[in-house]
Amino acid sequence: MMKRRILAMLLAVALACTLLPTAALAANPSVTEKEINGVHYSFDAAKNAWTVASYDNTGSKTINIPDKIESFPVVAIQAEAFMGKDVSSIVIPGTVTQIGKNAFANCKSLTSVFTLEGSTPVKIEENAFESCILLKSFYGKNVGELGAKAFSGCRALESAIIEKGPTKLNSEIF
């Protein structure tokens, strides 16, 4: 009798597992927030992706944003994530499709920005690099949109090279 109950429970558990939707079985990251070299990331469960949330000025001044964390892509840099921070250069992977408002505004030490090519063009929102007074070069592989005043106040800017795009230019980019 006891063996039948155990067998019935095991069968019930097995049946319940087969009825679960596949998405419920998908691996989720072990944490919803993560810090790597002073850069703080947050996981967006709706997008199944990571975003750059902030930088605490404790890591390297040369920032290389990873394309993936725990096998999930990094897709955005939130508004004001690096605003006013002491960074000298940044490499943004092709998985990033959005650079938020004022994301790097007033980064007084920032000298170069390099965005890698991705399948989706990156949208650079307004004032993203405003008043980065030492920014000398910007190289974008695939830029879809440049927001208003994206590079306003970048007095040292010598070159802004965009290989693909942009498809939309807003007013007073420089």
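**Exercise 1. The cavity**

Task: State which residues line the largest cavity, and say how many of them are nonpolar, polar and charged.

Solution. Step 1: The lining of the largest cavity consists of Ile92, Pro93, Gly94, Val96, Thr115, Leu116, Gly118, Thr120, Val122 and Asn142. The model is a predicted one.

Step 2: Sort the residues by type. Glycine is counted as polar here. The lining then divides into five nonpolar residues, five polar residues and no charged ones.

Step 3: Add the volume. The largest cavity has a volume of about 40 Å³. With a lower limit of 30 Å³, the count comes to one cavity.

**Exercise 2. Salt bridges**

Task: How many salt bridges does the structure hold? Describe the one between Glu70 and Lys34, and then those of Lys101 and Lys141.

Solution. Step 1: Recall the principle. Side chains of opposite charge can pair when their charged atoms come close. The cut-off used here is 4 Å between a side-chain nitrogen of Lys or Arg and a carboxyl oxygen of Asp or Glu.

Step 2: Give the count. There are four salt bridges in the structure.

Step 3: Take Glu70 and Lys34. Their side chains meet in a salt bridge with an N to O distance of 3.2 Å. This pair links distant parts of the chain: Lys34 belongs to strand S1, Glu70 to the loop between strands S5 and S6, and the two are 36 residues apart. Glu70 has a relative accessibility of 31% and therefore counts as partly exposed. Lys34 is also partly exposed, because its relative accessible area is 27%.

Step 4: Take Lys101. Its salt bridge partner is Glu126, and the closest N and O atoms are 3.6 Å apart. Lys101 lies in the loop between S8 and S9, and Glu126 in the loop between S10 and S11, so the salt bridge ties together parts 25 residues apart in sequence. Lys101 is partly exposed at 38% relative accessibility, and Glu126 is partly exposed at 36%.

Step 5: Take Lys141. A salt bridge joins Lys141 to Glu163, with 3.6 Å between the closest N and O atoms. Lys141 is in strand S11 and Glu163 in strand S12, so this pair ties together parts that are 22 residues apart in sequence. Glu163, at 44% relative accessibility, counts as partly exposed.

**Exercise 3. Two hairpins**

Task: In which sense do S1 and S2 run, and how many residues lie between them in the hairpin? Then describe how S2 pairs with S3.

Solution. Step 1: Start with S1 and S2. The two strands run antiparallel and are joined by four bridges. One example is Glu33, whose bridge partner in S2 is Ser42.

Step 2: Look at the turn. The hairpin of S1 and S2 has two residues between the strands, and Asn37 in the turn has a positive phi of about 50°.

Step 3: Go on to S2 and S3. These strands pair in the antiparallel sense over six bridges. His40, for instance, has Ser54 as its bridge partner in S3.

Step 4: Look at the second turn. S2 and S3 form a hairpin with four residues between them, and the turn includes Asn48 with a positive phi of about 55°. Asn48 is partly exposed, because its relative accessible area is 35%.

**Exercise 4. The surroundings of Ala53**

Task: Which residues is Ala53 in contact with, leaving aside its neighbours within four places in sequence?

Solution. Step 1: Place the residue. Ala53 is part of strand S3. Its relative accessibility is 23%, so Ala53 counts as partly exposed.

Step 2: List the contacts. Without the neighbours within four places, Ala53 is in contact with His40, Tyr41, Ser42, Gln78 and Ala81.

Step 3: Check one distance. Ala53 and Tyr41 are twelve residues apart along the chain, and their C-alpha atoms are separated by 5.1 Å.

**Exercise 5. Backbone details**

Task: Which residues does a cis peptide bond join? Is Asn102 buried or exposed?

Solution. Step 1: Find the cis bond. It joins Gly165 and Pro166, with omega about -5°. Pro166 sits in the loop between S12 and S13.

Step 2: Turn to Asn102. This residue is found in the loop between S8 and S9. Its phi is near 55°, a positive value in a residue other than glycine.

Step 3: Apply the cut-off. Buried means under 20% relative accessible area. Asn102 has 17%, so Asn102 is buried.

Key
Residues numbered from 1 in each chain as written. Predicted model: local features only at pLDDT ≥ 70, side-chain atom pairs only at ≥ 80, totals over all residues. Heavy atoms only, no water. Buried < 20%, exposed > 50% of the residue type's maximum accessible area, 1.4 Å probe, protein only. Pairing = 2+ DSSP bridges. Contact = heavy atoms within 4.5 Å. 1 Å grid on protein atoms, 1.4 Å probe; cavity = no way out; pocket = protein on both sides within 12 Å on 5 of 7 lines; lining within 4 Å. Points joined across faces, edges and corners; volume = space filled by probe spheres on them.
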